[in-house]
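Please look over the model below. The report on it follows directly.

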Amino acid sequence: MMAKSLYTRVLLICLGTALLSLAASLVVFTTVGRERYQQNFRQFGRVELDLAIFLYRHGGPDALATYVARLDRDFDSTHFFVNAHGTDLVTGEDRSSLWPLVDNPNARKWAAVSAMKRFLEGSTAVSVTRSDDGTFAMIAESSPWITARAQLPYYLAILVGACLLQGLAAVRVVRSLRAIGDATARFGTGDLEARVTIPSRRDEVGTLARAFNGMADHVRELLLAQRRLIQDISHEFRSPLARLAFATELSRTADDRDAAADEIRRQVDCLAKLVSELVQLVRVEGDHRYQFVTSVSVDDVVRVVVAACRLNAEEHRSRLLVSGGSHRVCQGDEALVVRALDNLIRNALQYSPAEGDVEITVSDRGPHIAVSVRDYGCGVPDDMKERIFEPFFRVDDSRQFSTGGAGLGLAMVKRIMNAHDGAIEVEDAQPGLRMTLLFPALDDAAPSAHADAPAA
């Protein structure tokens, strides 16, 4: 109903505009244009009258009759040349009865209305041109509206054509808006596949349709990701909750209640860790770019994280080897950068073999600061390199949260890099896997205190 109302409104506005333009053109023609036309016509009439007086004085009525016949033929009108009393100089007839039609003051006052009336009736028009001494006058009787009336069908055809074009334009706009409205209604009722299907348009309506389709795609991905996340969370919580329930029942019947209490504590710790990681993941999902007002030295952060991870490396009987450096900084949240590097290094330690080294390299790569972390583990299959950044995804499906983590670490790294407008690369190191974080560098970077430090 809204679209039909809009279509009718647009069509009426277009039709009203066309009619108003036509009426305004006629008014201007019958006022300003007519006045200018009559002024030029009077000047031309003076020339004709002067020539007629000259011919009458030197050639008599015969010469004047020949001139009048030529004027009537050339201008498709009737001319009378009379004296001061209104007597025709050629035929001697009295033409004074034609003068009141043009000498009436009220007729001149309502000249525009009279002209419009004569146009509608198709009547003739009479004009009088007098000599300077008032002894001679020319009376011209013509039908100027005949030509105008003959042109009227063409003007009407132009008006109808303009209305048709405007109606088609209104139909096209309203149809596109209706398509956008229908797609919005279907999308709002849960049809996530609803899209605006209109012909290719490069105007504002097309921009609106493309914006809606882009928004619908983005919302669909968010909703599907939310559903997957809820399903994954429910799956991850199921196992520790089941073990917790079992341990609770066991604490009531087992002889060694301390062991059952320890198991309950371990399961509670697992749940607390899982909830903590989920909270951090949701925090990173938000747009933190408005907080990124500080400069972060990636080189310094790497060495701080490496120092914090040395105990984990000793537990795995591994070494953390740091090489390279960078004098540049990036703009971001230092706590998030620390968490991204910490998760990446701990993930490399988790999947490195016993007594295997983890190599961390800091370097400048074009407009980015690159931090590469390489392990010597079994690597990741090519078809899983993109999926390892999905929440709760594990390369080994049999791995449990208590032994291999919830699968949120790399997902958090990916989101932190997206929040910093950075990127992450994954490649086979043969043996092992190399992951590289690319942070956009600032041009006015301050030198790092450890940029040239030797490898650890």
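What follows covers cavities, one enclosed helix, a surface patch and salt bridges.

This is a predicted model.

**Cavities**

Two cavities of 30 Å³ or more are found. The largest cavity holds about 50 Å³ of space. Its lining consists of L344, N347, A348, V373, D375, L433 and M435. Five of these lining residues are nonpolar, one is polar and one is charged. Both α10 (334-350) and β10 (433-440) contribute at least two residues to the lining of the largest cavity. The largest share, three residues, belongs to α10.

The second largest cavity has a volume of about 30 Å³. Lining it are L49, A52, I53, Y56, L64, F81, L89, F136 and A137. Two elements, α1 (2-75) and β3 (136-142), give two or more residues to this lining. Helix α1 gives the most, with five residues. The lining of the second largest cavity has nine nonpolar residues, no polar ones and no charged ones.

**An enclosed helix and a surface patch**

How many of the 11 residues of helix α12 are buried? The count is eight, so this helix (residues 409-419) is largely enclosed by the rest of the structure. The buried residues are L410, A411, M412, V413, R415, I416, M417 and A419. An arginine, R415, is therefore among those with under 20% relative accessible area. After α12 comes D421, with a positive phi near 55 degrees.

The surface also carries a nonpolar patch, formed by L152, Y155, L156 and I158. Together these residues have about 380 Å² of accessible area. I158 sits in helix α5 (residues 144-188). Its relative accessibility is 58%, so I158 counts as exposed. The cut-off for that class is over 50%.

**Salt bridges**

Side chains of opposite charge can pair when their charged atoms come close. Across the whole structure, 15 salt bridges are found. Three of them are set out here.

| Salt bridge | N to O distance |
|---|---|
| E221 and R220 | 3.1 Å |
| D364 and R328 | 3.5 Å |
| R365 and E425 | 3.0 Å |

Take the pair of E221 and R220. E221 has 42% relative accessibility and counts as partly exposed. R220 is also partly exposed, at 22% relative accessibility.

Next comes the bridge between D364 and R328. What parts of the structure does this pair tie together? D364 lies in strand β7 (residues 357-365), while R328 lies in the loop between β5 (319-324) and β6 (330-332). The two parts are 36 residues apart in sequence, so the bridge ties together separate stretches of the chain. D364 is partly exposed, with a relative accessible area of 43%.

R365 pairs with E425. R365 lies in strand β7 and E425 in strand β9 (residues 423-428), so this pair ties together parts that are 60 residues apart in sequence. R365 counts as partly exposed at 37% relative accessibility. E425 is partly exposed too, with a relative accessible area of 31%. Elsewhere, R70, R73 and D74 are joined into one network by salt bridges that share partners.

Strand β7 thus holds a partner in each of two bridges: D364 in one and R365 in the other.

Technical notes. Residues are numbered from 1 along each chain as its sequence is written. This is a predicted model: local features need pLDDT of at least 70, side-chain atom pairs count only at pLDDT 80 or more; totals for chains, interfaces and linings use all residues. Side-chain values use heavy atoms; hydrogens and water are left out. Patches are made of residues with over 30% relative accessible area and no salt bridge: like charges are joined within 9 Å, nonpolar side chains (Val, Leu, Ile, Met, Phe, Trp, Tyr) within 5 Å. Accessible areas come from the Shrake-Rupley method with a 1.4 Å probe; for residues, only the protein chains shown count as cover. A salt bridge is a side-chain nitrogen of Lys or Arg within 4 Å of a carboxyl oxygen of Asp or Glu. Helices (H or I, at least four residues) and strands (E, at least two) are DSSP runs, numbered from the N terminus. Buried means under 20% relative accessible area, exposed over 50%, partly exposed in between (1.4 Å probe, protein chains only). On a 1 Å grid over the protein atoms alone, a cavity is a set of points where a 1.4 Å probe fits but cannot get out, and a pocket is an open set with protein on both sides within 12 Å along at least five of seven lines; lining residues have an atom within 4 Å of a point. Grid points are joined across faces, edges and corners, and a volume is the space filled by probe spheres set on the points. Ala, Val, Leu, Ile, Met, Phe, Trp, Tyr, Cys and Pro count as nonpolar, Asp, Glu, Lys and Arg as charged, and the others, Gly among them, as polar.
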